[in-house]
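I opened this model to look at how its chains meet and what surrounds a few chosen residues. My notes follow in the order in which I looked things up.

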Amino acid sequence: MANLSVQPLTPPLEQPFPGAPDNWKRFFSFSTDHKVIGIQYITLAFFFFLVGGLFAMIIRGELITPEADLVDRTVYNAMFTLHGTVMLFLWTFPVLAGLSNYLVPLMIGARDMAFPRLNAIAFWMVPVFGVVLMASFLAPGGPSQAGWWAYPPTSIQNPSGQLINGQTLWILAVALSGISSIMGAVNIVTTIVKMRAPGMAGSKCRFLFGRC
Amino acid sequence: MPIFVWTVLSAQIIQLFGLPALTAGAVMLLFDLTLGTSFFDPFKGGDPILFQHFFWFYSHPAVYVIILPIFGIFSELFPVYARKPLFGYKVVAISSIVIVILSAVVWVHHMFASGTPGWMRMLFMFSTMLIAVPTGVKVFAWVATIWGGKLRLTTAMLFALGGLVMFVFAGITGIMLAAVPIDIHVNNTYFVVGHFHYVIYGATVMGVYAALYHWFPKITGRMYYEGLGKLHFVLTFVGTNLNFFPMHPLGLQGMPRRVASYDPEFAFWNVIASLGAFCWGFRRCPSS
């Protein structure tokens, strides 16, 4: 019997699963595999979900009696500011980015995302700005107290007078989050527009992309 | 193309055109804080309202960035657990794109009380209410998908159904908030907080849980415990509603948001809300 073996046409740049299937170390590495990145996103997001939930517990614990007695008012302001910021930029966006990363290439029949390294960079910015945001607890004057929308008359007051204060760190974290999300958006849009399996091209999406 | 991919594409297109506005606003704010510029400082001739435009030009569409993939998850899950194809695939896909287009012209509804001129308020009230049309189309498509199907009430389906119910409630309060007179009345009260949390927790987090339970066997190769999952759903659904529903009567009575102390007349609903919050706060370890 002839010895048949299937060779890939072009050697893949990286093995998608180096090592055993349950090699946990790859989840802490700079992996470019979209499934690994998806799980990294989801796991990290759940960690910050707990952090944001802890802040919410403090808010509700404060509000259970009419008087402001559980925490100081500045702490309370910081709590609702960070609750909103953490829940949006460190839980909702990352967990949805993780689901999109995991599912979209599988659903459209692509081998990976369009830019795997960009994908990994976009993910690893999330823990970076998470740490930046949490570091505002150590900043002079404590974390930002301007609410998650940071409206100017409140947010540009800088009572501590320091260059590095809670509001500056908040702005840095949000700007980094924006850059990370833009990277992810470029990646996902390119993947969906350009990397669909051939059979998926004409049949289902003609009404938007013409003859894509 | 699967409907989840359609919704993710729509959401990420919003990210592409919206996020630069937020980042630009944040950098200008940083300059105001550190370099002494005065983009937003009214005492030096800046305009604080400008920041609100920068902020909401992205941060309202951000809500659609969040909710659109959830629409996709609902559209993927209901056909599976009702054993019927999705009702109106093409319309659901088109309505996602319509939401993307409309989302670019609604941001001023966050600023009805910021001295916005009357004609602008009318315009944005109209465009905000228009959002309900593509969204309502989706809701009807899902209901028509479930209608007459052979339902299997697994944990994933329960989360999806719960998310749908809470999303409809959030949509109703959303329409109320879009109307300028009501918005002025409840501006900066807990009514807004309640509406927002029904969208974000009620619909989005429930949708994320539904997706995670649905694809958990695919991701991990193991099955979750159905009983624990259902317990998780019941605690989440009851606790969430206990927590966020009381915010609506509180807001209508006029309790402002972001205060650490309040009049004793508001105590009743606040106690219920806090107890509800603790009820699901403690169970929220990822039980999957």
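**Entry 1: a threonine in a helix**

I started with B:Thr204, which is found in helix α8 of chain B, residues 190-220. The model is predicted, and I kept that in mind for every entry below.

Is B:Thr204 buried or exposed? Its relative accessible area is 1%, and the cut-off for buried is under 20%, so I logged B:Thr204 as buried.

Next I asked which residues B:Thr204 is in contact with, leaving aside neighbours within four places in sequence. From chain B I noted B:Ile66, B:Ile67, B:Ile70 and B:Val199. From chain A I noted A:Thr92.

**Entry 2: chain B overall**

I counted eleven helices and zero strands in chain B. Read along the sequence, the pattern is α-α-α-α-α-α-α-α-α-α-α.

Chain B has 288 residues, and 56% of them count as buried. I put its accessible surface at about 11,300 Å², with 75% belonging to carbon and sulfur atoms.

I then checked contacts in chain B between residues at least 6 apart in sequence; 77% of these join residues at least 24 apart.

**Entry 3: the interface**

How many residues of each chain are in contact with the other? I found 70 residues of chain A in contact with 77 residues of chain B. The two chains bury about 6,400 Å² between them, and carbon and sulfur atoms account for 80% of that area.

I looked for salt bridges between chain A and chain B and the count was zero. The search for polar contacts across this interface gave one residue pair, with both residues at pLDDT 80 or more.

I listed the helices of chain A that each supply at least two residues of the side touching chain B: α1 (34-63), α2 (73-108), α4 (152-155), α5 (166-194), α6 (200-204) and α7 (206-209). The largest share of that side comes from α2(A), with 20 residues. By class, I recorded 50 nonpolar, 14 polar and six charged residues on the side of chain A that touches chain B.

**Entry 4: an isoleucine in chain A**

I finished with A:Ile39, which sits in helix α1 of chain A. What does A:Ile39 touch, not counting residues up to four places away in sequence? The contacts are A:Phe27 and A:Tyr102 in chain A, and B:Ile219 in chain B.

I also took one distance: A:Ile39 and A:Leu99 are 60 residues apart in sequence, and their C-alpha atoms are 8.1 Å apart in space.

Methods: Residues numbered from 1 in each chain as written. Chains lettered and ligands numbered in written order. Predicted model: local features only at pLDDT ≥ 70, side-chain atom pairs only at ≥ 80, totals over all residues. Heavy atoms only, no water. Contact = heavy atoms within 4.5 Å. Buried area = accessible area lost by both parts, 1.4 Å probe. Salt bridge = Lys/Arg side-chain N within 4 Å of Asp/Glu carboxyl O. Polar contact = N/O pair within 3.5 Å; in protein donor to acceptor, adjacent residues only side chain to side chain. Helix = DSSP H or I, 4+ residues; strand = E, 2+ residues; numbered from the N terminus. Nonpolar A, V, L, I, M, F, W, Y, C, P; charged D, E, K, R; others polar. Buried < 20%, exposed > 50% of the residue type's maximum accessible area, 1.4 Å probe, protein only. Areas by Shrake-Rupley, 256 points an atom, 1.4 Å probe, with all protein chains shown as cover.
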